[in-house]
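Biologist: Could you take a close look at one part of this model, the place where its domains meet, and describe in connected prose what is found there?

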Amino acid sequence: MTDSRVSNIVIVGGGTAGWMTAAALAKTFGQQLSVRLVESREIGTVGVGEATVPHIKLFNNLLQLDEVEFIRKTSATFKLGIQFNDWRRPGDSYIHGFGTTIGRSLGLLPFHQYWLKAARAGRAGPLGDYTVHTLAAPRGKFMTSASDVPANSPLADIGYAYHMDTTLYAPMLRQYAEARGVRRTEGKVAEVKLRPDDGFVESVVLEGGEVIAGDLFIDCSGFRGLLIEQALHTGYISFSDWLPCDRAIAVRTESDGAPPPYTRANAQAAGWQWRIPLQHRTGDGYVYSSAHISDDEATATLLRNIQGRPLCEPFQLRFTAGTRRKLWNRNVVAIGLSSGFMEPLESTSIHMIQMGITRLLGLFPREGCHPVLAERYNAQLKFDTERIRDFLILHYHATEREDTPFWRQCRHMSIPPSLQDNLDLFTDSGRFFRNAEELFAEISWVQVMIGQGIVPRSWHPLVDQVPEADLYRFIADVGRVMADCVEVMPTHQAFIDRHCAIARAG
Ligand code: FAD
């Protein structure tokens, strides 16, 4: 009897996706699996991907990484959210802050329901005044959750993510994975051999002729999708009708002062520009639609808007927003850019790597890659992808901008029915319900919908049960508590200096 156990795993690609996958498999399965990773220094990695969402802490916790060590090794800073400038209209600004709630819920209703009524009466400030994250971020304040405050204090639960140097995270995970038995092979895959009977991948052949066979192949080869697309021709679903940006020009620059604890996303004539502060430098880039601006113009815009001195030549990346038709096809699972890419606006791509790994661990095959496992995996990732897709489209579509052809197109494009439903419900009376395990919760959707200028016609009828004087007092009290909390927070720089600063030369 032959042993059909899935035990030989081959990962093709050593970028963030490849090494995250290798580290997670090594940690969870230990010696039960043989994991081999092939990567090519000559091809290199994509070299961007520095902003994250708070869920990355769960991944680091799975690996039992020490947070301070992780921060020092990746020169990371903390991220309380994303500041969106000029998205609704030029001059407008709001922050999508992390965290679990806006303000404080009252009875059955979330805070924003009461805020809607008070704001309509001119008795409330901007929504951002009622969350610690959105108040602290622009003031350059940061701290992690305090343990010496009452459990219901906003300071007891501060959600955050990181900005990290992408060129340092994968090497750190490589060290971790190799220490746990993952074998790395330097080399370029030249050929992918399929089994003649069922079309499963049998082996990859390196340029020098070495043949690496496996039971399960994880395609982490980046945009080229070496196995999932070039070998298996899985197909791609484009989202470019809704997400028109298809290029980015990126540059690393010198820091120009204390790092703010948030990512900046500044809308531009044909896309938007990111600014990601690290401890030792800043990452800048312009994500744009090539149908609306030339590469030269985009580069000039980027360089005009950076603050520090460039540390490298600007480099270009091209993509089509979308996803593979199947992320698990036969015995190949695509994780990372090989599985698709939407765009970096809400820093969701590394999160999608994490979801790919988590879902794969949940459905990991024991004996052969039975199609039922792949089907469920594909359904789960399709759900994750489409919910994020809708959230991204929201930023482009819900705008008052008509000042350039790009923004006119975004404002007037048709959108997926699933997003339209959410917009209709929110426009009616400010209601939003998170769909199962979708990444972005009510707090995110509400902040972005309000920030982008969607004004609900009304509010939940239960709000009217609170006498108006009590309502306004409640709103004012919550605002005061948030402001008092931010007052006692240290600056982001002071927090880093105290807990996790990188060693600096000299
Ligand atoms: P890559 O980094 O491209 O790695 C591919 C690997 O495959 C490399 O090791 C390469 O050597 C190897 N390889 C390829 N072909 C072969 C071959 N023939 N033989 C051997 N090895 C091979 N994500 C976020 O979460 N936050 C962000 O802020 C963010 N910003 C982004 C901005 C832009 C403009 C873009 C394009 C992406 C951004 N991303 C972001 C996405 C993020 O960069 C990627 O998800 C992440 O870097 C993972 O990439 P990867 O490992 O899939 O691919």
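Modeller: A salt bridge is here a side-chain nitrogen of Lys or Arg within 4 Å of a carboxyl oxygen of Asp or Glu, and in this predicted model the side chains of Arg 281 and Glu 50 meet in one, with 2.9 Å from N to O. That pair is best read against the division of the protein chain, in which domain 1 comprises 8-76 + 164-240 + 322-387, while domain 2 comprises 247-318. Taken over C-alpha atoms, the centres of domain 1 and domain 2 are separated by 27 Å, and where the two domains touch, 15 residues of domain 1 are in contact with 16 residues of domain 2. The area buried between domain 1 and domain 2 comes to about 1,200 Å², and carbon and sulfur atoms give 60% of that area. Of the area that domain 1 buries against domain 2, 35% is supplied by Val 48, Glu 50 and Ser 75, which is more than any other three residues supply; Glu 50 is thus named here as well as in the salt bridge with Arg 281.

Turning to the polar side of the interface, the count between domain 1 and domain 2 is two salt bridges, and eight residue pairs are found in polar contact across the interface, with both residues at pLDDT 80 or more. By class, the side of domain 1 that touches domain 2 has nine nonpolar residues, together with three polar and three charged ones.

As for enclosed space, the structure as a whole holds two cavities of 30 Å³ or more, and the largest cavity has a volume of about 140 Å³. This largest cavity is lined by 14 residues, of which Ser 339, Gly 340, Phe 341, Met 342 and Met 352 are the closest to its centre.

Key:
Residues numbered from 1 in each chain as written. Predicted model: local features only at pLDDT ≥ 70, side-chain atom pairs only at ≥ 80, totals over all residues. Heavy atoms only, no water. Domains from an automatic or database assignment. Contact = heavy atoms within 4.5 Å. Buried area = accessible area lost by both parts, 1.4 Å probe. Polar contact = N/O pair within 3.5 Å; in protein donor to acceptor, adjacent residues only side chain to side chain. Nonpolar A, V, L, I, M, F, W, Y, C, P; charged D, E, K, R; others polar. 1 Å grid on protein atoms, 1.4 Å probe; cavity = no way out; pocket = protein on both sides within 12 Å on 5 of 7 lines; lining within 4 Å. Points joined across faces, edges and corners; volume = space filled by probe spheres on them.
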